[in-house]
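Here is a short set of questions and answers for the bench. Keep the structure open as you read.

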Amino acid sequence: MNIVEKVISSHLVSGEMKAGSEIAIKIDHTLTQDSTGTMAYLQLEAMGIDRVKTKRSVAYVDHNMLQAGPENADDHKYLQTVAAKHGVWFSRPGNGICHQVQLERFSIPGETLLGSDSHTPTCGAAGMLAIGAGGLDVAVAMAGGPYYLTMPKVCRVVLTGRLHPMVAAKDIILELLRRVGVKGGVGKIFEYYGEGLMDLSVPERATIANMGAETGATTSIFPSDRKTREFFAARGRAGDWRELLADPDAEYDEEITIDLSSLHPLAAQPSSPDNVTEVSKIAGMQVDQICIGSCTNSSFCDMMRVAGILAGKRVAPNVSLTISPGSRQVLKALAANGALAKLIAAGARILECACGPCIGMGQAPATGAVSLRTFNRNFYGRSGTPSASVYIVSPETAAVSAVTGHITDPETWDGGEPPYRVPELFDIDDGLLIKPLKDTSKVEVVRGPNIKPVPKTAPPAETLSGSALIKLGDNITTDHIMPSNAKLLPYRSNIPYLADYCLTPCDEGFPARAKAAGGGFIVAGENYGQGSSREHAALAPLYLGIKAVLAKSFARIHRANLMNNGILPLVFTSEADYDAAAAGEEIIIPSAPEQIRSAAEGKPVKVTIGGRETETTLDITPRQRDILLAGGLLNYVRDGGV
């Protein structure tokens, strides 16, 4: 077996490991973060579960860190108390980004992790089967339920050769994105293999696993080998390591080979992670802002390379440079070895150990600015400044460009690749991790006034009708559907407030139109809902009365989130039907419950759009049929479904 098959077979609850069929797997660990976690724990409470049933669940605070009002602090207090009430670990503000801390402190080869964040696959770097999902799916896993998914194809990515100096792990994943695009990983798991792995540390592998989410992949996974053992030993966790390798005769559905020696520094241009070109082709462009950090590139290794480049140098006068270490462990190590002083002396602005600019929580660029970021997404408007041009690059490219003041190919840098030493044993301090209590009887869950109940759903009516409230193009992201800037993030626990901003990046009048019409339908193109796992992109449309989304195709997590909230994800069977559909046309789905039942048997769902009868597909299993007929996953679970 390959690595994916080994982990899934040891956790298989139901189904057959055959690509395309539905399987259910046992979840060992879960993670939530504060922008998605508040809703997940509200849903867990609604299920009536006293204590989580996983091996370990962790609630992180790393997104909503700016406390311009009481909303974020109120949510943090709720998360800390609800975690204590239900037996969940709590990572306090300042402890670090969820994926970095989870990798350092809690990753275990061969075990499963489900997280309410799309970059949960980061822990695949340590041999975990780590999958991002909507908060409700994570809540069900915390309640002891299995996680259902379509068995993905397994694509082996063979890495050969060695990277040249100043070419980074970031360039490997950018190369994969250049080849397969933001839809090329849908329905797949990327499993890495080859001699090229021997030179890649676990933090470098984490960069690749993290950003593999941008291909639409279910997850990515690396073997647990000698490099993995070194990583665990350096963090005082040698006892958690075990070897996990593919069998020599393992079979794969697909294979991609990347010759590392052929790679040069790459950059994703505005405004998509797969709009990739070589840095040398855009070199010379003046830069206004550079942000180094995020769950993709905030490890000790990344920070040391940046510190080595900036040592004795000064950030160019036209550049604002910010650096966000990924965890308190990383920050303490940088302070202990003097690297932090070098960064400060160079003129870098040191931000706290959090997501920060990556999710639009501060550091929005100036109007029309060029911003280089070591992050994973450069979607339109995500930075907080719609007019800014955001490029995704490696830490090496970012650091060199910070000194020169313009986009610079790091392979032309005179200083070469700076050496650094990884500590044999990091200074381990888990003081900001709060362990679960054994006796929770005296814990009181504290709820601020901004925390609103989970929106209620209902079984589908006999006939679903309304107008096409909006028609959208391809690759609409969850940032488009439910914007996530610094002004809106504090309201993640308040769906009625957030709903007034649903799809406003595409059409400012959409929320008012949806309310006036009493709901309706959304028409969209390819890959609708790509990007973040935020189920708010389904909850806000639910609140506005959206009954179904008709699209050419859906991103995996968002499709699941729609169904979990009782919204039908219908797929056009004909390109011409999408082309003919127009905003404002009346849409009717007759005999909706009966059509949902027949869809589970492979029959089309018939829809009338502007008087034209159209066939769509609703590719669902019998379990998903029952979820939709119940009006969503929460109703289904409360009614005894599993």
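A crossing of two helices is left-handed if the near helix is turned anticlockwise from the far one by less than a right angle, and right-handed if clockwise. The model discussed here is predicted.

Q: Which hand does the crossing of helix 2 and helix 5 have?
A: The two helix axes come within 8 Å. Look at how helix 2 turns as it passes helix 5. The crossing is right-handed.

Q: Is helix 2 roughly parallel or oblique to helix 5?
A: The axes cross at roughly 45°. Angles under 35 degrees would count as roughly parallel, and 65 to 115 as roughly perpendicular. Therefore helix 2 and helix 5 are oblique.

Q: Which residues of helix 5 make the contact with helix 2?
A: Helix 2 spans residues 34–46. Its side of the contact is Ala40, Tyr41, Gln43 and Leu44. Facing them from helix 5 are Gly135, Leu136, Ala139 and Met142.

Q: Which helix gives the largest share of the largest nonpolar core?
A: This core holds 83 residues. Ile25, Tyr41, Phe510, Ile522 and Tyr528 touch the most other members. The largest share is six residues, and they come from helix 5.

Q: How many residues are in the second, separate core?
A: This core stands apart from the largest one. Its members include Ile292, Val315, Ala348 and Val370. The count is 40 residues.

Q: How many residues of helix 10 are buried?
A: Helix 10 runs over residues 300–310. Among its buried residues are Phe300, Asp302, Arg305 and Leu310. Its cover includes helix 7, strand 15, strand 16, helix 11, helix 12 and helix 13. The helix is mostly covered, with a buried count of 10 of 11.

Q: Which residue just after helix 10 takes a positive phi?
A: Look just past the end of helix 10. The phi there is about 75°. The residue is Gly312.

Q: Is Ser484 buried or exposed?
A: Ser484 sits in the loop between helix 14 and helix 15. Its relative accessibility is 8%. The cut-off for buried is under 20%, so Ser484 counts as buried.

Q: Which residue does the side chain of Ser484 join by a polar contact of 2.9 Å?
A: Ser484 touches Ile359, Asp479, Leu489, Arg492 and Arg534, leaving aside residues up to four places away in sequence. The polar contact runs from side chain to side chain. The partner is Arg492.

Technical notes:
Residues numbered from 1 in each chain as written. Predicted model: local features only at pLDDT ≥ 70, side-chain atom pairs only at ≥ 80, totals over all residues. Heavy atoms only, no water. Helix = DSSP H or I, 4+ residues; strand = E, 2+ residues; numbered from the N terminus. Buried < 20%, exposed > 50% of the residue type's maximum accessible area, 1.4 Å probe, protein only. Contact = heavy atoms within 4.5 Å. Polar contact = N/O pair within 3.5 Å; in protein donor to acceptor, adjacent residues only side chain to side chain. Core = buried A, V, L, I, M, F, W, Y, C linked by side-chain atoms within 4.5 Å. Axes fitted to C-alpha atoms, helices over the stretch in contact; angles between N-to-C directions. Parallel < 35°, antiparallel > 145°, perpendicular 65-115°, else oblique.
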